[in-house]
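User: I would like to learn how to read salt bridges, burial and nonpolar cores from a set of coordinates, going slowly and with worked cases. Could you take me through them?

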Amino acid sequence: MRGNVKTKRQKKTKVGKKLRLRVLMKCVFSGEMSRAREEYKVDKMNPSSGSLTTRDFSVSGFSSRNGDIEQRPDIRNIEEAEISLRESSSLNYEEARVLLGRIEYQKGNVEAALHVFEGIDIAAATPKMKLTLARRGERRKKHSQDQSAPPMSIHAVSLLLEAIFLKAKSLQCLGRFEEAAQSCKVILDIFESSLPDGLPENYGADCKLQENVNNAVALLPELWKLADCPNEAILSYRRALLHPWNLDTSTIARIQKEFAICLLYCGSEATPPNLRCQMDGSFVPRNNIEEATLLLMILLRKVSLKQIPWDPSILDHLTFALSVVGDLKALANQLEELLPGILDRKERYRLLSLCYDGAGEEFVALNLLRKLLSSREDPNCIPALLLASKICGENAHFAGEGVNYARRALESLDKNGCNLLESTANRLLGVSLSSQSKSAVTDSDRVGNQTKALRALEKAGKLVKMKDPGILYHLTLVNAEQRKLEAALHYAKLFLKIDGGSNIKGWLLLARILSGLKRYVDSETIIDAALDQTGKWDQGELLRTKAKIQIAQGQLKRAIETYTQLLAVVQVQSKSFGSGKKLSKGQPNSAGILEFEVWNDLAQVYIQQKQWRDAEICLSKITAISPNSAARLHTAGVYNEGKGFHKHALEAFIAASAIDPTHVPSLVSAAIVLRQLDNTSKPVIRSLLLGALKLDRMNPSAWYNLGLLHKAEGTMSGKIEAVECFEAAAFLEDSMPVEPFR
């Protein structure tokens, strides 16, 4: 009997709590608390008639009027309310508003939900929430003696934190991003001040505390980004990653990736992080790119350790970051560290070859491409064939291989019919044929390859209607090297028009073509126009060409002034390189090389003017920069020759040829001095001159001195050959630019 009475009493209490919950939610919606209390008293006295369970009412749009039943709220709201009631014997006003606001938010009534959440006094509840969280954290410690009850239940704290989060989401939906961020920040501030050492494991596992933390940590930086506050977003990302929030691995990885993307593309340079717990000697990023690179490398390491699944976009963003700073070798190292199976082997070969080519290690890239293009892998891979042809075309020793790759690419393209790819393949074929012509054994082979090169380049240009700057540049270069200067001039002007004058090499090539046509005034005007459109950093080559033009006109004093201006530019570059500036491919030490060339040119000018003391100073400068350079030894030989020390000059020229057997000026100068010292050494002189012409058939000095050698023979055949040599020398001298075209 007692058991039945007890059971009935428990049921009655449970029904009464549910009834109080419904009444309180109704009073929150209507704002009539006093009226609700009266209704509750009446309902308690007469629950069967006129109670809230049977009377028409509307809470958050849920109605039972006239038998029309709409969708009921999530049952979890009622369950959480019952938990809160059991813990605190009543559901207070704020908690009821949380449940009501959640219902409105779930239904999509964002404005109504925000109106409900704004009625909660978060500022008043914050101290209680902090104290509750702190005491719960202390209880989890083994030796804590504080047994005082917290001012709020942990479920009530969880409900209020969820209200703050949903308020931020509501503000986000309404486009009030900065307010949303400020609201979301409150959650993190509460946890940081309550638990400065971070959230313990399984903290709040019986409620939604950890879920609320995860949501707030991930949402805050996104809100700052939407509010167009990149610096605040970056600080929020750092806060998310540096504070021990007890986040799971996937959440941390997602935040790290989003942070890296923000750093790369936000357009705002953030202040470097200040790591208080930094270890001595550890790496601290100095800018956005370095910090993003570090994050992406950490993500790749997690992929290798199988902590997170493979995400191709990580590698895409890392490729962009390292390409910007010019450190493609580091990207290659990251690719090589990836476990087998993450990347397809063919894709790995292709990406690695691109990295090594961009890092200046062309032979490593070429070997990788050879593996990729083998019969066992993918012999018809068009991107790989084009890249291999490009690498080979830049080196005369592999030019024949480059021609083969380009032709294979064209054969593979026949089925696709892509004009752009076909144009690219023809351009690379033309470049490789032009490079191959320089190492041709016979004149017929050389002329044949040059003709084929021009034909391939012209076909490439027609496929894109002569609107590709790269094709126009190579057409200009090949025509100029074949001394077809009028055609070269036409293509050079067209190149500058298409390119918009943004590329310095176009200005330089045009100026050199004009100098080959002996139009020195026009050539210098072009250089001046280029100088006006470029910054100090890029003026080195332009100023050097301008000085060479002035020397060709006999204006040596003006040339010295130009070289002095150039040395100032070199000094600025040297300081920048010394401070750790990255250099791009093809400029391994451009500041040092340019400085060497300037002092070397000045030495030649002073030798020409017989200013021996100034020439010696310049020689000492280039000796300090590169003591074992063939160019330095050649200039020293010219200095000794000018002073009449022919034996010392010959020794210097021979030493230069020994260091660099392809140094044509040393070979020609050695032949000239040897002929002056010992006219009986004709076989040696002939060998030196023919070796020079084999390397550079466009050298007028070599042809002229070979003609003198044939003339000295005194035979009819020798005289005929001498005339041919003199004609070639005269033709080349008339079209000789102040600097080589290439």
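What follows is a dialogue that takes these features in turn.

User: What kind of model is this, and how many helices and strands are there in the chain?

Analyst: This is a predicted model, and the values discussed here are computed from it. The chain has 34 helices and 2 strands. Of its 742 residues, 46% count as buried, while the accessible surface comes to about 37,900 Å², with 53% of that area belonging to carbon and sulfur atoms. Among contacts with a separation of 6 or more, 60% are between residues 24 or more positions apart.

User: How should I read a salt bridge, and how many does the structure hold?

Analyst: The general idea is that side chains of opposite charge can pair when their charged atoms come close. In this structure there are 28 salt bridges. One of them joins the side chains of Glu-162 and Arg-102, with an N to O distance of 2.6 Å. Since Glu-162 belongs to helix H7 (residues 154–173) and Arg-102 to helix H4 (residues 93–107), the pair ties together parts that are 60 residues apart in sequence. Both Glu-162 and Arg-102 are buried.

User: Which residue forms a salt bridge with Arg-370, and are Arg-370 and its partner buried or partly exposed?

Analyst: Arg-370 forms a salt bridge with Glu-401, and their closest N and O atoms are 2.9 Å apart. Arg-370 lies in helix H16 (residues 362–372) and Glu-401 in helix H18, so this pair ties together parts that are 31 residues apart in sequence. As for burial, a residue is called partly exposed when its relative accessible area falls between 20% and 50%. Arg-370, with a relative accessible area of 31%, is therefore partly exposed, and Glu-401 at 23% is likewise partly exposed.

User: What else can be said about the surroundings of Glu-401?

Analyst: Glu-401 sits in helix H18, which spans residues 399–413. Leaving out residues up to four places away in sequence, Glu-401 touches Arg-370 and Cys-392, and the side chains of Glu-401 and Arg-370 are also joined by a polar contact of 2.9 Å. Ser-389 is 12 residues from Glu-401 in sequence, and the C-alpha atoms of the two are 7.3 Å apart in space.

User: Which residues does Arg-558 touch, if I read it in the way you read Glu-401?

Analyst: Once residues up to four places away in sequence are set aside, Arg-558 touches Glu-524 and Gln-550. A polar contact of 2.6 Å joins the side chains of Arg-558 and Glu-524. Arg-558 is placed in helix H26 (residues 556–578), and its relative accessibility of 35% is why Arg-558 counts as partly exposed. Between Arg-558 and Ala-547 the separation is 11 residues in sequence and 7.6 Å in space, from C-alpha to C-alpha.

User: Which residues are linked in a network of salt bridges?

Analyst: Arg-512, Arg-544, Lys-548, Glu-597, Asp-601 and Glu-739 are linked in such a network. Elsewhere, Lys-390 forms a salt bridge with Glu-394, with the closest N and O atoms 3.3 Å apart, and Lys-390 is partly exposed because its relative accessibility is 28%.

User: How many residues does the largest nonpolar core have, and which have the most contacts inside it?

Analyst: A nonpolar core is read as buried nonpolar residues joined through their side-chain atoms. The largest one here has 109 residues, and those with the most contacts inside it are Met-129, Leu-161, Phe-191, Val-217, Trp-245, Leu-331 and Leu-335. Helix H7 gives the most to this core, with 12 residues. Beyond its neighbours within four places in sequence, Phe-191 is in contact with Leu-133, Leu-161, Leu-199, Leu-209, Val-213 and Trp-245. There is also a second, separate core of 85 residues, which includes Leu-477, Trp-599, Ile-622 and Ile-685.

User: Which residues make a nonpolar patch on the surface?

Analyst: Tyr-265, Phe-320 and Val-324 make a nonpolar surface patch of about 280 Å². Tyr-265 lies in helix H11 (residues 249–265) and, with a relative accessible area of 40%, is partly exposed.

User: And is Ser-437 buried or exposed?

Analyst: Ser-437 is buried, because its relative accessible area is 3%. Ser-437 lies in helix H19 (residues 419–437) and, apart from residues up to four places away in sequence, touches Arg-446, Asn-449 and Gln-450.

Methods:
Residues are numbered from 1 along each chain as its sequence is written. This is a predicted model: local features need pLDDT of at least 70, side-chain atom pairs count only at pLDDT 80 or more; totals for chains, interfaces and linings use all residues. Side-chain values use heavy atoms; hydrogens and water are left out. Helices (H or I, at least four residues) and strands (E, at least two) are DSSP runs, numbered from the N terminus. Contact means heavy atoms within 4.5 Å. A polar contact is a pair of N or O atoms within 3.5 Å; within protein, one must be able to donate a hydrogen and the other to accept it, and residues adjacent in sequence count only if both atoms are side-chain atoms. Buried means under 20% relative accessible area, exposed over 50%, partly exposed in between (1.4 Å probe, protein chains only). A salt bridge is a side-chain nitrogen of Lys or Arg within 4 Å of a carboxyl oxygen of Asp or Glu. Patches are made of residues with over 30% relative accessible area and no salt bridge: like charges are joined within 9 Å, nonpolar side chains (Val, Leu, Ile, Met, Phe, Trp, Tyr) within 5 Å. Accessible areas come from the Shrake-Rupley method with a 1.4 Å probe; for residues, only the protein chains shown count as cover. A nonpolar core is a set of buried Ala, Val, Leu, Ile, Met, Phe, Trp, Tyr and Cys residues joined through side-chain atoms within 4.5 Å.
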